[in-house]
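Visitor: I am new to this structure and should be grateful for a close look at a single part of it. Please take me through that part step by step.

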Amino acid sequence: MRRIIAEDPDWSLAQVPCLSKLCLQTIMKNIGVLPIYDQLSPAEQKFLQEKLPLTAPLTVTANLIPDGVYWQRRCNELWDLCDVLDYGKSWKRMFFERYLEGLIELFIPGASEPHSVLAMVPLCKNYVQRLNITQLLPPIREARREEEEERFELNSPEDDDKPTLDRFNFSILLEKLVRLEEVHLKYTVKQCGMNFERGMFEMTQSDCETLAQALKSCKTLKVVHLYLSVVDDGQCRLLVKNLLDHPSLTTLDFSFNVISDRGARAIGKLLTCSKLQILNLYSNIISNHGAKAIAHALSTNSTLEHLSLGGNCVGDEGGQYLANALLKNTCLKTLDLSGNDVAEQTAWAISNLLIHNTTLTTIKLVNTKLGVDGGKALREAMSKNTSVMELDIMLTGMEEKDVDFIDKVLWANRDRARQQPGDSVE
């Protein structure tokens, strides 16, 4: 019983791999020079998706490897939480959107090279549909010398409040993303520590100008969400000016800023020449004059379905203008006036609206001053209404029996809507 051992120290008794696997392994090692993915069988493509090294350069894999397990592996390597449902069930879309967002959020003007972001455009432009930017870093400031520090301390507080920091220039990027539909932006810094400056948490005029230019140039945009960025009237007007006649914009969200009546008048003009379906101005400082401008636009608007003016400074005058304008409007479904200064007179105007309007399905009046008489007016109007499914009247000073009666009417309206074929309760 003799046994001959080869002189090759790498020789093994294990079975020799299939030639096809050897070929696939060679392809993986030379993926950059052997772009033949489409010529492989489904089983071979599956093997490549599962085994291709994650270190393969994006310049090769971006337009060669389709959506699948490979991109899922890359996402799981970089991020702990990966909900592919938020990205249309596309792992490849998730990877490129989050990767590009990371580059932008860590971009430091004056220190980072714009090419580091622009180099990604040819690789990701066909996959990025949404950008959700939660921070934008300012330039690095040089440490002040003692003499400068003394002069700084002598300056007025107003000088310190003026933002002087410019962030990433979106005008060099958005137009190149040919499938971009949503932009969510917040001009803030996540972790500033002891280096806090007010300017870190608001847009500069230069930021606003470049962003306005970028939004205008991106013709595929459907959603613009700019929040918690201390956007004022001047900046709002500039942004709106560049969004007039935008071919695809349907949602505009300027919530949690400092827009007042001048900005609201510009937004009112936008409503007369756009296809907006959703307008969110929650938590600004819009008062009666701004509400009047928006109401005037609503009287002739035929596209807007959701309007939020909650958390502003609208009083009875503005509330009445809005309610009266909606008597002529046949498209608005949701109206939010919660957290405003509206009171009994607005309640009477909305009561009249509830009797004649059959389009509104949701009205929010939380934390207002409708009072007992206002509540009775709403109760009387709701007894004749069959279209409203939600009327939020918490913390309004209404009597409990009126609130209970309105709740019963709402339940009846929802049940009636469910029984109608082809209709759904929002």
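Guide: The account below follows one helix, α12, and then turns to its surroundings.

The model is predicted, and every value given here is computed from it. Helix α12 runs over residues 261-272. Its twelve residues, at 1.5 Å a residue, should span 16 Å, and the end C-alpha atoms are 17 Å apart, which agrees. Within α12, the residues D261, G263, A264, A266, I267, G268, L270 and L271 are buried. The cover over these buried residues includes two helices, α11 and α13, and two strands, β4 and β5.

These covering elements lead to three loops. Between strand β4 (251-253) and α12 lies a loop that holds F256. This residue has a positive phi of about 60°, although F256 is not a glycine. In general, most residues other than glycine have a negative phi. With a relative accessible area of 40%, F256 is partly exposed, because this class lies between the limits of 20% for buried and 50% for exposed.

A second loop joins strand β3 (223-226) to α11 (233-243), and V230 is found there. V230 also is not a glycine and has a positive phi, of about 50°. Its relative accessibility is 29%, so V230 counts as partly exposed.

The third loop, between β5 (278-280) and α13 (288-298), contains Y282. At 30% relative accessibility, Y282 counts as partly exposed. On the surface, Y282 forms a nonpolar patch with L228 and F256, and the accessible area of the three together is about 260 Å². F256 thus appears twice in this account: it has the positive phi described above, and it is a member of the patch.

From the surface one may turn to the interior. The largest nonpolar core has 105 residues, and those with the most contacts inside it are F96, I104, F170 and F254. Helix α5 (residues 91-105) gives the most to this core, with six residues. Leaving aside neighbours within four places in sequence, F170 is in contact with I104, I133, L136, L185, Y187, L211 and A214. I104 is therefore both a contact of F170 and one of the residues with the most contacts inside the core.

A last residue to consider is T210, in helix α10 (residues 205-217). At 18% relative accessibility, T210 counts as buried, since the limit for that class is under 20%. Not counting residues up to four places away in sequence, T210 touches N169 and S171.

Key: Residues numbered from 1 in each chain as written. Predicted model: local features only at pLDDT ≥ 70, side-chain atom pairs only at ≥ 80, totals over all residues. Heavy atoms only, no water. Patch = residues over 30% accessible without salt bridge, like charges linked within 9 Å, V, L, I, M, F, W, Y side chains within 5 Å. Areas by Shrake-Rupley, 256 points an atom, 1.4 Å probe, with all protein chains shown as cover. Salt bridge = Lys/Arg side-chain N within 4 Å of Asp/Glu carboxyl O. Helix = DSSP H or I, 4+ residues; strand = E, 2+ residues; numbered from the N terminus. Buried < 20%, exposed > 50% of the residue type's maximum accessible area, 1.4 Å probe, protein only. Contact = heavy atoms within 4.5 Å. Core = buried A, V, L, I, M, F, W, Y, C linked by side-chain atoms within 4.5 Å. Expected span 1.5 Å × (residues − 1).
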